[in-house]
Amino acid sequence: MWDIIITIIIFAVIYFGFTRLMGYKNKNITLELDERYTNLTDQAEAVKRELEKQGKKVEYIGDGFFLIDGKRYMIHSRNVAVGGVTTSAYCT
């Protein structure tokens with residue numbers, strides 16, 4: 001019985017830790033981009049286009065910082081391979 005309870009607790013901790021690491025927490029904006037960017041300027045333009053497509057008011061300040069709907073965010077990139085190479089970016 002205790003083995004099952006400990007296993008459930010371990011999986012819950014791993015799940016919540018992974019989702020937090022990947023940026024899926026409350027005050028983040030998470031985007032999945034189709035292309036991989038090595039240039040921060042190109043990535044910033046792709047992020048700006050995607051957020052504007054979602055109806056948000058976006059201004060790129062520079063050095064990875066955005067002004068989105070009046071709030072300041074910083075971009076963090078994660079490379080995630082799921083059925084191919086994709087880049088997932090999120091702003092905090």
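**Exercise 1. Classify Asp63 by exposure, then describe the turn in which it stands.**

Step 1. At 71% relative accessibility, Asp63 counts as exposed. The classes are as follows: buried is under 20% relative accessible area, exposed is over 50%, and partly exposed is in between, with a 1.4 Å probe and protein chains only. The model is predicted: local features need pLDDT of at least 70, side-chain atom pairs count only at pLDDT 80 or more, and totals for chains, interfaces and linings use all residues. Residues are numbered from 1 along each chain as its sequence is written, and side-chain values use heavy atoms, with hydrogens and water left out.

Step 2. Asp63 belongs to the loop between S2 and S3. Helices (H or I, at least four residues) and strands (E, at least two) are DSSP runs, numbered from the N terminus.

Step 3. Although Asp63 is not a glycine, its phi is positive, at about 55 degrees. The strands S2 and S3 form a hairpin, and two residues lie between them.

**Exercise 2. Determine how S2 and S3 pair, and which side chains of S3 are buried.**

Step 1. Strand S2 covers residues 58-62 and pairs with S3 in the antiparallel sense over four bridges. Two strands pair if DSSP finds at least two bridges between them.

Step 2. Within this pairing, Glu59 stands opposite Leu67 in S3.

Step 3. The side chains of S3 (residues 65-68) alternate: Phe66 and Ile68 point to one face and are buried, whereas Phe65 and Leu67 point to the other and are not.

Step 4. After S3, Asp69 is found in the loop between S3 and strand S4 (71-81). Asp69 is not a glycine, yet its phi is positive, at about 50 degrees. With a relative accessibility of 46%, Asp69 counts as partly exposed.

**Exercise 3. Identify the contacts made by the rings of Phe66 and Phe65.**

Step 1. The structure holds one aromatic pair. Tyr60 and Phe66 form this pair, which is tilted, with 4.9 Å centre to centre and 55 degrees between the planes. Rings of Phe, Tyr and Trp (its six-membered ring) pair if their centres lie within 6.5 Å; planes under 30 degrees apart count as stacked, over 60 as edge-to-face and the rest as tilted.

Step 2. Compare the exposure of the two partners. Phe66 is buried, with a relative accessible area of 0%, whereas Tyr60 is partly exposed, at 26%.

Step 3. Turn to Phe65. Arg72 lies over the face of Phe65, at 4.2 Å from the ring centre. A charge sits over a ring if NZ of Lys or CZ of Arg is within 6 Å of the ring centre and within 35 degrees of the ring normal.

**Exercise 4. Locate the salt bridge and describe its two residues.**

Step 1. The count comes to one salt bridge, a term that requires a side-chain nitrogen of Lys or Arg within 4 Å of a carboxyl oxygen of Asp or Glu.

Step 2. The partners are Glu50 and Lys53, whose side chains meet at 3.5 Å, N to O.

Step 3. Glu50 and Lys53 are three residues apart in helix H2 (residues 40-53), so about one helical turn separates them.

Step 4. Glu50 is partly exposed, with a relative accessible area of 23%, while Lys53 is exposed at 67% relative accessibility.

**Exercise 5. Describe the nonpolar patch on the surface.**

Step 1. The patch is formed by Met1, Trp2, Ile5, Ile6, Ile9, Ile10, Phe11, Val13 and Ile14, with about 1000 Å² of accessible area together. Patches are made of residues with over 30% relative accessible area and no salt bridge; like charges are joined within 9 Å, and nonpolar side chains (Val, Leu, Ile, Met, Phe, Trp, Tyr) within 5 Å. Accessible areas come from the Shrake-Rupley method with a 1.4 Å probe; for residues, only the protein chains shown count as cover.

Step 2. Consider Trp2, one of the patch residues. Trp2 is placed in helix H1 (residues 2-21) and is exposed, with a relative accessible area of 64%.

**Exercise 6. Set these parts within the whole chain.**

Step 1. The protein has two helices and five strands, in the order α-β-α-β-β-β-β along the sequence. Of its 92 residues, 26% count as buried.

Step 2. Leu31, in strand S1, is buried, with a relative accessible area of 3%. Leu31 and Leu51 are 20 residues apart in sequence, and their C-alpha atoms are 8.4 Å apart in space.
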